[in-house]
Structure formats: C-alpha cells, structure tokens
Amino acid sequence: MITVATTSTRPGRAGPGTTPQQRPLWQRIVLHRWCYLFLVPTLILAGLFTFYPMVMSWVFSTLDWTGFTDSGRFIGLDNYVELVGDPLFWNAFGRSLIFMLVGAPIRVVLALLVAIALNNQMLKVSPVIRTFFFLPVVTTAAVVGIVMTFVLGSYQGPVNTVLQQLMIIDQPVEFLSNPDTALWAVLGTQVWKNFGMTMIYWLAALQTVPRDYYEAASVDGAGRWAQLRAITVPLLIPFAVVILILTAKEHLHSFALVQAMTAGGPYYSTQVVEVFIYQTAFDPETTGGIPRLGYASAAGCFFGLATLIFTLLQLAAVKKVNDVRKQLGTEGRAP
Amino acid sequence: MIPLSRDSSTTRRRFLGGSLALGAAAAGLSACRVQTQSNEAPLGETLSPDDLPEPAARLPEGDVTIRWMSGGPGAKSAVFKALFPAYQRKHPNITVTYNELTNDKIGEVLPIQLRNGNADDVFQTVGIPISQLVSSGKVAALDDVIPDFENWKAAMPDGVIVPGVDEFDGKTYQFRVSTDRRLQQMVLFNTEIMERAGYDPVAEPFDLDTFRAAAKKITEQGDEKYYGLQTSVGNPTDLVTFNGGPPNFDYRTGTYQFADDRYVEVMELLKAMAADGSLFPGFASLNDQQARGQFPLGRAGMIINGPWNFPVWKGEFPDFDFGVAPLPMTKDQAFRYAAPVGGNGYAVYVDAPDDHKLVGGDLLHFFGTELGQKVWARYDGAADPAWSTTAIAELRDSGQLSEHDVLAFEMYDEYVRMLPAPVVANPDQEKVQLAMKPIKPNLNEILKGYLTGQIADVRQALQKLTDASEKGLDDAIAQARSQGAEVSRDDWVFANWDPTKDYTTDDYANR
C-alpha cells in the first residue's frame, strides 16, 4: 500500500504562514498529484473488476433473471427468502465452513513445522525443498483437480495401486465416489496444493526473529524445543493471526478444485457454496436448462456477508486475546 | 417435452415429427417444395459444391465471413464439416467459421455473448429459452431472413415450426433441423467382451435379470481389468418405460409418476448391480463425458448411452468394435417416449450484419429443403434424425448407413412413441416452462444418492420428488397466469393419449 506523505517535501511551496496540514484540500492534491495519478489505474481496475461487480451482484440478487435478457424482473427479497429455506444452500454453506475450520488450522500448523525445519541455515537443500513445496501453488487449480481425479481414481489409480501393493487395503478406496471420503479427499488436495504459500508466509515471519535471541538461549543452555516454545512461537503469534486469516479466506475459495475433482458430487457431498453458486447460475443440468443468475447472486451476497461477519468476529477475538496478553505482560513485568 | 419438472431429461426442446401421418403429409407436400434441386446420385463421403443448389436469394458479392455456433463434437459436426467447405467452394467470397461447443457450454457462453453484443451470426438454441430471446429482441425473425419464407414454411410438415416453441406473435424465430424421434439410451457394448461372456443382446435383448447377470459375468471375467457396466448414473426413465413403466408425467391423468413402483424397481436393480460390483469403480464421480470417453478403452462391457457416440468412437477409436442393442426390456411393453418439440434448433442473431443474415438465411433455407434434409441425414445418421421421413427413408435404402445407424433406426421404429405436448395445444405453456424452478434433488440425483447410500429410502425420496414437482407445476401455472398467460392444469391432460401409439395432430384435434 502506498503511503502518501502528508507533509510537504518542498518547503518553497508552502503558502505564507500555513503549515502543510492547514493547506486546502485541493492544494494538497495538486501538491501530491503524481501520487494520485499513479493510483488512477488501480482505482479504475478495482472499480471495474471489484467494486462494480460487488454492487451489481447485490442488484442482481433482487431480480428473477436468466441472463438471456438485458435485465430481469424485480422480485425484492424473494431470492433471499428462498435461500433461507433451501437445504442445499445450507449444506453447501456447512461444507465451506468445514473447508475453512478444518483445512486452515491443519495447513497453518503443518506449514509452520516445515518452515521451521527449512529455516535452518545448515540445511543446504532447503531452497530445493522449498521449491518443491511451492510448485503446486503455481499450478492451475483446475489442472491439479483433473490430475488428482486420476491419481485418486479407484480404477488403477496410483494411490490405490500403491496401497494395495503394500497390502494396506484389499479393495481400491473410492476416494472421490464415496460420500464419506470425497470431501476429505478434496480438502486434502486443497491443503496440499496451497501448502507452499502458507509455508512462505511462515518463512518470511521467521526471518523477523532476531538470531541473537537464539544465540543467547543457546548460551543459556536452551534446547531446540525450549527455543521454539519460548522464543519462536511467542514472537510469531502476531503473524499467526494474519496467516490464519489469509489461509482461512483462501479455503473459502476452493471452487476450481472442487468443480474439477467432483463437481460437488457425489450427491452434493462435496458441494461448497461457490460450486452451488456456479451450478445455480450456469449449469444447465442443475438449473433444468434455464440459469438463475438472480438466485445465484443472492447466494453469493449472503455468503459474502456471512464470511465478512465471521472475519470481523475473528479479528475482534484476536484483538481481545492480544489485549489480555498485553495486560498479563504488564502485570508480570518486574517493577 | 415432459412438463415441466426440471428433470434433466426434459430440458431439450423436441418437436412433433416422424409419425406416419406426418410422413404422408411430407410426401403430399413434396410437390410444393421451394427447392426443386434434384440430386438423384447418393451423397458421397464428402460434399461437392455441385451437390448444393443455387442460392434461394441474392447473396452478397463482397467478402463475407459468418460465424455459426453448434453443439459438438458429435454427429452434427460431420454435417457442418461436410457442408461448409462445399458451400465455401461454391461461393468463394463467403467464409463460414464453424464454432463448436458442448451443449452445456453453449448455455453458459451464449448469454454472455448476447449481452456483450458479439454472438455468433447463427447459433444453436440448445437448452435456451427462445421466448426470452424473442422478448428481449436478441434474435431475428426468420420471416425476414430466410428467402421466400412463406413458400419455404408451407413446404414443412406439421410440427416443424410450432407456435410457442418456434413461432411467437406470428413470426418464426427458431428453425429446428432435426427431430427427437430417437433413442437417447441404448446398450452399447464391447463386442469382444460380450462374446466372451456368451451374450448376444442384439439377437436376444436383455431383460432386467439377464442384464444384471451379464454385467456380473463380465465383471467376473474382467478380473478388475474391466467391469460389467460403465455408467455415470444417468436418467433411469427410459429403463423404466422399457419395462412397462410410465414416463415421468402421465398425460392421461396429468400427474407426475416418479413414485411409480417401476421407478423403485429399476433403482433397486441398479443398486443390486452396484452391490454385485458390476458398476465401473468410481461411477459416482464420473460425468457423462468421462464415462463415454473411457468406454472405448475397454474398461467395461456395456454402457447405456446414445447414438451420438457412433461417429466419435469411429473417428477416435477406429479399431474399437462395438455393438448396439436396446435397453433391457419387458417384451411388448418397451417404449421410449419422445416429446415432439425437440431436435436441434438454430436462430439468427438480431444484430448480425445484413449480409451475414443473408448467408445465414440461405443456409437455414437449405436445411429446410428436401436436399438439405438429405444432407443432414446422410452426414448425421441416426444421432439427430432429420425430420423429413423421405430423406430418412432414402438414406436407409441407400446402403450408405453404417450398421450401427441401421440398427438404431430399426429400434426407433419399434420403440419410440411421440408424446403429447401441452405447448402444441396451448402456446402460452411456454410461459409456464419459464416459470418452473428446478426441483432438487431431481431423478438422476436421487438415483445417485441411492447408489452411494446417501438416500436410504428411495421410495420416500421419489414420493417427495413427485410432490415437489406437482407443487412446482401448480406454482408455475399460477405465476404464468399472473403474467397474463391463459393456462391451466387442464392443458396437461390428454385423456385420449394411448401410450402404445404416437400422439398425432389428429389426436390434438380430437382431445
């Protein structure tokens, strides 16, 4: 984010007898015109591709609209009323929450452990291993999904073949066809695919821990686990909050992978909200041949609002924890 | 069209055609056809410019490139890939850019193209509410596009252009070049595997028990290399009606029939086959395209699918030897009910340049002639049967059809019956169709849920579907009426419907 300086760097421009803060707004804008000018492309793109669609999705959610006409029929909140009573939507909502509440912590913790291991300066192959972990991140999700349908396939899929040859299983496991395993198989793929990104976040966070602390702890006889517990983890907690929020948000956006691997099946067992929205809006089989853009928009807006509320609650909880920690830190300090 | 549950089997528009009465009408009207181009020589593997008639209207003289979008890949592709090069050689200043998308993708892409103002000049209207395109002014009236329209239209058999389906406010906006008088589901089998199992479903069609037994035996012989039945768990309706059961909607009573015992019986059979291990592993996560793509690789002995696979498999897997047989059936009670307002329809984009419309109109005009229907029949075969019974009869007599297409047409004669269509009786029914909301879970999904164990009581699930469909229809009728449509539940009742016969124009008159 660009920070626009609020103090003038050109004293000669100051009006007679005025401080920078006292200048009229238009003068300040003219003074920093190049900053604003360079912001314009970003604002245009953000307006076109973020804010306009956001606003219009709210408008569309009040319409009965197939998308084949220029505009739909205004029906007020009927789409939301239908949505509240739609068990399929709530099932999809629940699965999205599972993706977030189960997948995000697993990924954050595992990535931290791997990052700590790779942060060791003595490990010469660390850059290579980091690359291997990060490769899935830069691979297209849809491609990963399609490949994983073969990898996890119950007919001569490599995973089943290996498990059978190791005699861990007698019969192939139908990872993606069995409703009991399909969701976890997709979730596992999601965790694996984006694991590298979380690992990079942690590596960056680990770089901020001064090496002096570890050296001092070593001199005092602290082992690796003691250092991890007493130095690394406490200093990483502020980063953990941000990384957890980013990871959780990412787990809510799993459309490409789910659609490629299972398309929400079998029998809705992997249908997350994004897949529900897509299928409602575009999938002729689901919609019976006629898309329902208005209803899909309502689902999207509702879900967006729910995740916003969740994020705000999460931030409030984190702030509360930090306040308590600061308080405890103050009370514990020697006078 | 089975009204009006949003079950996936009812999404395609079908149209009335191909009955004996229509065949007689077509023969009687043949003297009135506009195009008198005769071509006694059979059409070859490739179409020659000399096979094509002179244009019905004055085509543009400057260079023109039109875009034509249709569903594919499939049998239809063969028609356009034969026709357009020949047309371009006949008219060197005209280029036809053929764009092919799967049917579901057309429904996704077309609304965006229309809103962006860059739709193809001529596009297929699969799964698209044509009345909405008409009311929003997105499609051109073919009356203004197709040359000598009135004579051309007058030469059509009844049921090709239907008010409420193709015609709105007295003008025609969609032209359907084919009919749905076909089987959408057959047993397509791997000849070698079937022979090894000792079955011949062509000579002795399966019944439900022998079908299950054959699948089991094939699976045992396959030893995990191949299985009895490749499936993505499609719509079981045809399997029901091939065993004396009703279609989804019984027009005699005007009620949904999902809860009929035969639906339960068929679903229990498939569940038993799954328990036998006869279904290809991972069937619940396969889609239809994947299942069809894997079958020629020798992974299963049978697949229940349609005739559109013939040219694709022959083209991509020329060494794959497959056979065609009817669905497992109860003798003398086997029918496939086709809604009459189906087939492949095409419309012209209203904002296409005038010279593009001239070319598009000429091509659509061609498909509405006997020669055009012959070309369609010759290169499409049995997958999307032409509505001209003359063209079909000539093709079947010509010896040019593949053995699969020959068998398929014979099965169509024996098993296909045309349903009544409320929209034919009352064009306002189109508004009810638009008002219908899809019922979830639909029949396919219930079957899949039952096979995966997520639905324990299939009878209860089917009853829920029936009840929801009935309510959905009533609600849609109420909504259509509130928008000025003159419709009622009585429009869906055809007491004179005989399920063993086609419902013809005379039957509509004597309702």
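**Exercise 1. Determine how exposed Asp428(B) is, and identify its salt-bridge partner.**

Step 1. In this predicted model, Asp428(B) has a relative accessible area of 21% and is therefore partly exposed, given that buried means under 20% relative accessible area, exposed over 50% and partly exposed in between, with a 1.4 Å probe and protein chains only.

Step 2. The side chain of Asp428(B) meets that of Lys431(B) in a salt bridge, with 3.9 Å from N to O; the rule asks for a side-chain nitrogen of Lys or Arg within 4 Å of a carboxyl oxygen of Asp or Glu.

Step 3. Lys431(B) counts as partly exposed, at 35% relative accessibility.

A note on conventions: the model is predicted, so that local features need pLDDT of at least 70 and side-chain atom pairs count only at pLDDT 80 or more, while totals for chains, interfaces and linings use all residues. Residues are numbered from 1 along each chain as its sequence is written, chains are lettered from A and ligands numbered from 1 in the order in which they are written, and side-chain values use heavy atoms, with hydrogens and water left out.

**Exercise 2. Work through the salt bridges of Glu54(B) and Glu445(B), stating the accessibility of each partner.**

Step 1. Side chains of opposite charge can pair when their charged atoms come close. Over all chains, the count by this rule comes to 30 salt bridges.

Step 2. One salt bridge joins Glu54(B) to Lys90(B), whose closest N and O atoms are 3.1 Å apart. Glu54(B) belongs to the loop between helix 1 (20-29) and strand 2 (64-71) of chain B, and Lys90(B) to helix 2 (residues 75-90) of chain B, so this pair ties together parts that are 36 residues apart in sequence; helices (H or I, at least four residues) and strands (E, at least two) are DSSP runs, numbered from the N terminus. Glu54(B) is exposed at 53% relative accessibility, whereas Lys90(B) is partly exposed at 22%.

Step 3. Glu445(B) and Lys440(B) meet through their side chains in a salt bridge of 2.5 Å, N to O. Here Glu445(B) is buried, with a relative accessible area of 17%, and Lys440(B) is partly exposed, with 25%.

Step 4. Salt bridges with shared partners also join Asp180(B), Arg182(B), Arg336(B) and Asp384(B) into one network.

**Exercise 3. Describe the interface of chain B and chain A by its contacts, its buried area and its polar pairs.**

Step 1. On the side of chain B, 42 residues are in contact with 32 residues of chain A, where contact means heavy atoms within 4.5 Å.

Step 2. The two chains bury about 3,200 Å² between them, of which 58% is on carbon and sulfur atoms; buried area is the accessible area (1.4 Å probe) that two parts lose on being put together, summed over both. Within chain B, Arg115(B), Lys440(B) and Gln454(B) lose the most area to chain A, together 16% of what that side buries.

Step 3. The rule finds one salt bridge across this interface, and Lys138(B) forms a salt bridge with Asp70(A), with the closest N and O atoms 2.7 Å apart.

Step 4. There are also 14 residue pairs in polar contact across the interface, both residues being at pLDDT 80 or more; a polar contact is a pair of N or O atoms within 3.5 Å, of which, within protein, one must be able to donate a hydrogen and the other to accept it, and residues adjacent in sequence count only if both atoms are side-chain atoms.

Step 5. Helix 3 of chain B gives the largest share of the side that touches chain A, seven residues.

**Exercise 4. Place Thr237(B) and Leu239(B) in their surroundings.**

Step 1. Thr237(B) lies in helix 8 (residues 237-241) of chain B, and Leu239(B) is found in helix 8 of chain B.

Step 2. Thr237(B) counts as buried at 5% relative accessibility, and Leu239(B) counts as buried at 4%.

Step 3. The side chain of Thr237(B) makes a polar contact of 2.9 Å with the side chain of Asn248(B). Leaving out residues up to four places away in sequence, Thr237(B) touches Pro247(B), Asn248(B), Tyr263(B) and Leu443(B).

Step 4. With the same exclusion, Leu239(B) touches residues including Gln185(B), Leu208(B) and Val266(B). The C-alpha atoms of Leu239(B) and Met329(B) are separated by 7.5 Å, although these residues are 90 residues apart along the chain.
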